[in-house]
Amino acid sequence: MLRLAPVLALALMLGPVAAGLLGTLLPAAGYVPVLGGTAVSLEPLRMLLTQPGIGMSAALSLGTGLVATFGAFAAVILFTAAFEGTRFFRALRRLLSPLMAVPHAAAAFGLAFLIAPSGFAMRLLSPWATGFQRPPDLLIVGDPLGLTMTLGLMAKEIPFLFLMLLAALPQADALRSRRVAASLGYAPVAAWLTTVLPRVYPQIRLPVFAVLAYATSVVDVALILGPTTPPPLAVRLTGWMNDPDLSLRFMASAGALAQLGLSLLAILVWMIGERLAAKLGRRWIESGRRSAAEPLAAALSGTAMVALAGAMLAGLALLALWSVAGPWRFPDPLPHHLTLRAWTMHAHAAGDAIAVTIAIALPVVIVAIALALACLEGETRDGRTIRHRSLPLLYLPLIVPQIAFVFGLQVLFLMAGLHDTLLAVALGHMVFVLPYVFLALSDPWRAIDPRYGHMAGALGASPARTFWRVRLPLARKAVATAAALGFAVSVAQYLPTLLIGGGRISTVTTEAVALAAGGNRQLVGIYALLQMLLPFAAFLLAAAVPGIAHRRRPENEATA
Amino acid sequence: MTIIRLLSRPVRGALLAAALSLPIAPLASRAEEAVDPAAWTDVLAKAKGQTVYFHAWGGEPRINAYIAWAGKQLQQRHGIAVEQVKVDDTANVVARIVAEKAAGKESGGAVDLVWINGENFVSLKKAGLLMSPGWATKLPNWPLVDVENKPAVVTDFTEPTDGQESPWGMAKLVFMHDTGTLAEPPKTLAALAEHVKANPGRFTYPQPPNFHGSTFLKQVLATTIADRAKLSRPADPASFEADVAPLFAYLDALHPNMWRQGRAFPQNQPALRQLLADGEIDIAFTFNPAGASAAIAAGELPDTVRTFVLDGGTIGNAHFVAIPFNANAKAGALVLADFLLSPEAQARKQDPPIWGDPTVLAVERLEAADRERFAALDLGIATLSPEELGPVIEEPHASWMVELERAWTARYASQ
């Protein structure tokens, strides 16, 4: 049974990706009989390349994706190097952890509400400081170079990379390494960069690639904060796929392949950067220099982290405020009055959406956790880790841009006659939930001291009993956290829900996007908040449940 | 309305189902459900107990509430359940239907009724994906439709509807201005250009191919083209450049003084309205003549906003509901389409706090009680009377829009 678990898990994750890619490849090559494409040709690609501004779109995707990823990565690395072990570090850690559960769209809306010319920051300063009675004509949101969008992506990716780094740090024995380096006269940043980073980086490399792939192919953040003249490639693809002119589908598919290539190119560029950094780093280590522009690194990274986390929190508070705002005209710093009108108007619809969201997420998370545990337990019993071979496979659904394969999923379910059902949507979510659950669970699981298991065995416990009574209780905190993360991932799924559900399955997220389209800030506020509250509730529960279980089982006091 | 392409465009290449060129299901399974709107009692009997999935743009809470109301009436009167599938772009519904066709799904389709017009309708009609012609004109309420004075109800963007879609409401381009910041709005395009030049940064339009943005282009095109009769025929590639040259000359002059110097654009009409509400711009526009009143009532616009139209008329059209060839609940969809045409439903829809969408009916031909429903409507402080709305400029042939959008994007959105 346990031996089948990894096969089943991989099939559930990779099967749909492979089928979806095939579903993109055929129309990209011009082969779609119902649309009159019966011969394989390069015509769709040629059409794609003749689109006005296509080069600029591609450059925007690549540029914003690379810069945002590098910015977030550099901020997180330098910040950790400069501040690890300080109270400031712990404070920010507490601040950033919950921000990871914030959906991208919500974060982007919050940022827009904050920094737009008619946004909250300008309202606070007007008219007393700026003299503006009306919003100034400044191109902040949607600037042609995508700077605001890059900032938004950075703000959202920092919590993710930070948590990934925090998870990897214990295995790098960071604090002790740094102490040794410090005793050799290295300043903190230099010590961390030379001794800890080389060991910690391999562990956060795949998450960085996932961020790169995401940032180069993002649609929702780009729609909210990004340029439109022209927009980044993924946004244009989405437009073509939705165009009533059906012949554009060929070109859109070719574009989806181009998007895949672009994301891979970004990863390639990053890998070249890795080589370069390694070379420079080695030279630096050999040179024996003891400091690395310490005050500058600390000031820059500290400011970036605080400013971006602060902007995100302020943005989220603004979403909440807008959801209860009455008339709120520029330059009033606060709404004229507060009202629950929007909430009461939409309570019913919101309740339905919440119920459907949970009905999908809960079983998906339970199955994903069971599968992940089965794989890990099988691994423990065999006494081997399949980690290095399987890790890149695990990341595949996260690294292949969604846009490149997600419609193929729908085909799969149409063929199976399962489309429009909750079951099909849940299977679609599984593709994305499983990898995250695996990633969150595997390290803590492997960190459990094997001697507990050996001891239980020596005392006569069967393998099953050892699992249920020893290892699982030891891992309960990790299981709870992984479940909450899986839940959050399921809640945030937009494309798979919409596609496979045929629009009949309305979750909080699909409702949010449909209503956000109307541009009503009260509604945007409500649904962005709901989108956030569900994962938050899951994480709160995850924090509370193991404690309760703990109290009921005093015999499992020992922790790894 | 249905073709508003909105802020968020999810990837729904449903159509790519076709891509895998699945073995097309045996055509033998094609069992055309025999529903004939001419035999109405039969339709009502068949419809009882059905659930109608009505795919309709879901970005406007007021409209969603109206649809929910219609659903409740159908449930009470005919035992039909109506579920609104809130779509953010009707093109996706088109894609969905095409995907079902590709997968051989000849019956039991996901879409029972779809809110539609323009190029989406043309796509489905040309591909033969709509319920057999003539059903709309056989609906019991059809005789009340004002075909004589509202020719758009049978000609959708110059495409004859052939009874394959039933009119639901009328639309006409109207402009809005805030009297608090702009007392006397410009009443011609030339005056608008002057105004923009004198007040930089205070005018913009949604970015084509957004529906409202394209409509603004069509308004300028219809005003500037040398021979307006050309617009009722397909665009001629040979003379297209010359035909649109005055349009682009006008825009070239306008853009440098527009909001954000024309380097960024709002993405849809609600976003444009929001800019007016925030005081960022002086003038906005909408396809709903009561849109300003409705927005004022909802607190989305200050009550100092008023509506105006351009001298010489503005673009107008109609929007419809259609039934796909493979709809699962055709009888129920017919009953819903007919109910939406009833004087009761049409009058309610025209009430600005509810929706404010002008009726497709010939009000003067209605029975006294029904006429009273319309007479009793308070159209709101910011709504023009039918006389003030001015003449209608017909929608150009759909090909103009496609070409215009392409030319606009190449010129202004690809640097």
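**Domain contacts in chains A and B**

Between domain 1 of chain A and domain 2 of chain A, the count of residue pairs in polar contact (both at pLDDT 80 or more) is 0; a polar contact here is a pair of N or O atoms within 3.5 Å, where within protein one must be able to donate a hydrogen and the other to accept it, and residues adjacent in sequence count only if both atoms are side-chain atoms. This is a predicted model, with local features needing pLDDT of at least 70 and side-chain atom pairs counted only at pLDDT 80 or more, while totals for chains, interfaces and linings use all residues. Residues are numbered from 1 along each chain as its sequence is written, chains are lettered from A in the order in which they are written, and side-chain values use heavy atoms, with hydrogens and water left out.

Salt bridges (a side-chain nitrogen of Lys or Arg within 4 Å of a carboxyl oxygen of Asp or Glu) also number 0 between these two domains of chain A. By class, the side of domain 1 of chain A that touches domain 2 of chain A has 23 nonpolar, 4 polar and 3 charged residues. The domains themselves, with bounds from an automatic or database assignment, are 1-26 + 337-547 for domain 1 and 55-322 for domain 2 of chain A. Their contact (heavy atoms within 4.5 Å) draws 30 residues from domain 1 and 35 from domain 2 of chain A. Together they bury about 2700 Å², 80% of it on carbon and sulfur atoms; that is the accessible area (1.4 Å probe) that two parts lose on being put together, summed over both. A:Ile399, A:Ile403 and A:Arg521 supply 23% of what domain 1 of chain A buries against domain 2 of chain A, more than any other three residues.

Chain B splits into domain 1 (40-169 + 317-376) and domain 2 (174-316 + 392-413). Here the contact takes 12 residues from domain 1 and 21 from domain 2 of chain B, and the pair buries about 1300 Å², 57% of it on carbon and sulfur atoms. The rule finds 1 salt bridge across this interface of chain B, along with 2 residue pairs in polar contact (both at pLDDT 80 or more).

Turning to single residues, the side chains of B:Glu300 and B:Arg62 meet in a salt bridge at 3.6 Å, N to O. B:Glu395 is buried (under 20% relative accessible area, 1.4 Å probe, protein chains only), at 5%. Its side chain makes polar contacts of 2.7 Å with the side chain of B:Lys218 and, again at 2.7 Å, with that of B:Asn317.

Key:
Ala, Val, Leu, Ile, Met, Phe, Trp, Tyr, Cys and Pro count as nonpolar, Asp, Glu, Lys and Arg as charged, and the others, Gly among them, as polar. Buried means under 20% relative accessible area, exposed over 50%, partly exposed in between (1.4 Å probe, protein chains only).
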